[in-house]
Amino acid sequence: MDWKYSNKNHSTIINEKDGVVFLTFPKLEKAGVRHGFSTRIGGVSENEFASMNLSFTRGDEPEKVQENFRRIAGAIGFSSEDLVLSSQVHETKIRVVGKKDRGDGILRETVPGIDALVTNEPGVPMYTSYADCVPLVFYDPVKKVAAMAHSGWRGTVAGIGEKMVRFMKENYGSEPADIIAAIGPSICRDCYEVSEDVAEAFEKAFPPEESAQILENRGGGKYQLDLWKANEFILLRAGIVRENLDVTDLCTCCNSDKLFSHRASHGKRGNLGCFIMIDGE
């Protein structure tokens with residue numbers, strides 16, 4: 001399978017089971033936590049949703065989306081009916097979930113306005129959705145806490161990754177240096193052109209030495225934005241140690257034949273899914 005890597009650090013592992021292709025992260029795999037990031041490969045959806053669309057809100061047939069969830073869940077190793085789905089709005093609200101919430105978003109409506117999920121209960125698979133924005137995944141192997149956050153440019157400027165690390169410390173006693181984290185497949189700097197107002201938001205949120213590495217001024221009020229580097233700065237500042245952090249080398253836009261990309265498809269697309277679950281009951 002011909003993947004286009006952005007920096008050759010190979011911080012993602014390509015897996016295949018029963019025709020379903022999904023990605024995992026080396027440090028989270030080594031920590032022994034069940035997780036995965038879907039690709040477009042192995043589902044039943046058609047046309048712009050082909051084939052592993054994991055969104056009920058893009059116009060796809062609901063029964064096909066349900067089958068896609070069943071397939072990706074089977075490949076990663078949990079029941080799709082146990083999933084807790086986010087309902088994202090590009091903000092920074094964190095929802096604590098547990099066994100009582102299993103099925104939210106799959107069997108019934110889920111809580112709206114949530115961009116981050118966290119649990120310390122085993123057997124609760126969590127899901128956030130993507131099509132260029134940055135997946136942030138967290139696992140504390142000491143306190144046995146799993147979490148994930150959806151970080152688009154607004155969530156990144158607002159520091160949702162740092163907010164999650166702080167939340168895990170304050171609510172579960174996690175030491176940031178113990179947390180294993182990953183910055184998952186999303187749009188790369190070369191593909192992500194933004195306007196001056198977005199660039200100014202990053203220049204205000206980051207010190208000059210960091211914003212100089214995050215932004216490239218292309219002239220005419222256009223900038224190239226590196227969300228990977230921005231989130232790396234945020235997580236390191238929050239206390240994640242570099243040896244516990246995987247930073248993606250796969251761009252959704254560069255690999256739009258295998259990963260859904262809003263930019264590459266001009267909005268005609270399905271959604272990818274990121275999953276994490278603490279094993280056991």
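**Salt bridges in a predicted model**

Okay, let's start with one pair: Arg-71 and Glu-67, whose side chains meet in a salt bridge, with N and O 2.9 Å apart. Keep in mind that this is a predicted model. Side chains of opposite charge can pair when their charged atoms come close.

So where do these two sit along the chain? They both belong to helix H2, which covers residues 62–76, and because they are four residues apart there, about one helical turn separates them. And are they buried or exposed? Somewhere in between: Arg-71 is partly exposed, at a relative accessible area of 31%, and Glu-67 is partly exposed too, at 22%.

Now, let's move on to Asp-104. Asp-104 has a salt bridge with Arg-95, and their closest N and O atoms are 2.7 Å apart. Both of those residues are buried. For Asp-104, the relative accessibility is 8%, so it counts as buried, because the cut-off for buried is under 20%.

Which other residue pairs up with Asp-104? That would be Arg-108, again through a salt bridge, with 2.7 Å between the closest N and O atoms. Here the two ends look out on things a bit differently: Arg-108 is partly exposed, with a relative accessible area of 39%, whereas Asp-104 is buried.

Let's put that into a wider picture. Arg-95, Asp-104 and Arg-108 belong to a network of salt bridges that also takes in Lys-100 and Asp-101.

And how many salt bridges are there in total? The count comes to 16. Have a look for Arg-71 and Glu-67 in helix H2 when you open the structure.

Terms used: Residues numbered from 1 in each chain as written. Predicted model: local features only at pLDDT ≥ 70, side-chain atom pairs only at ≥ 80, totals over all residues. Heavy atoms only, no water. Salt bridge = Lys/Arg side-chain N within 4 Å of Asp/Glu carboxyl O. Buried < 20%, exposed > 50% of the residue type's maximum accessible area, 1.4 Å probe, protein only.
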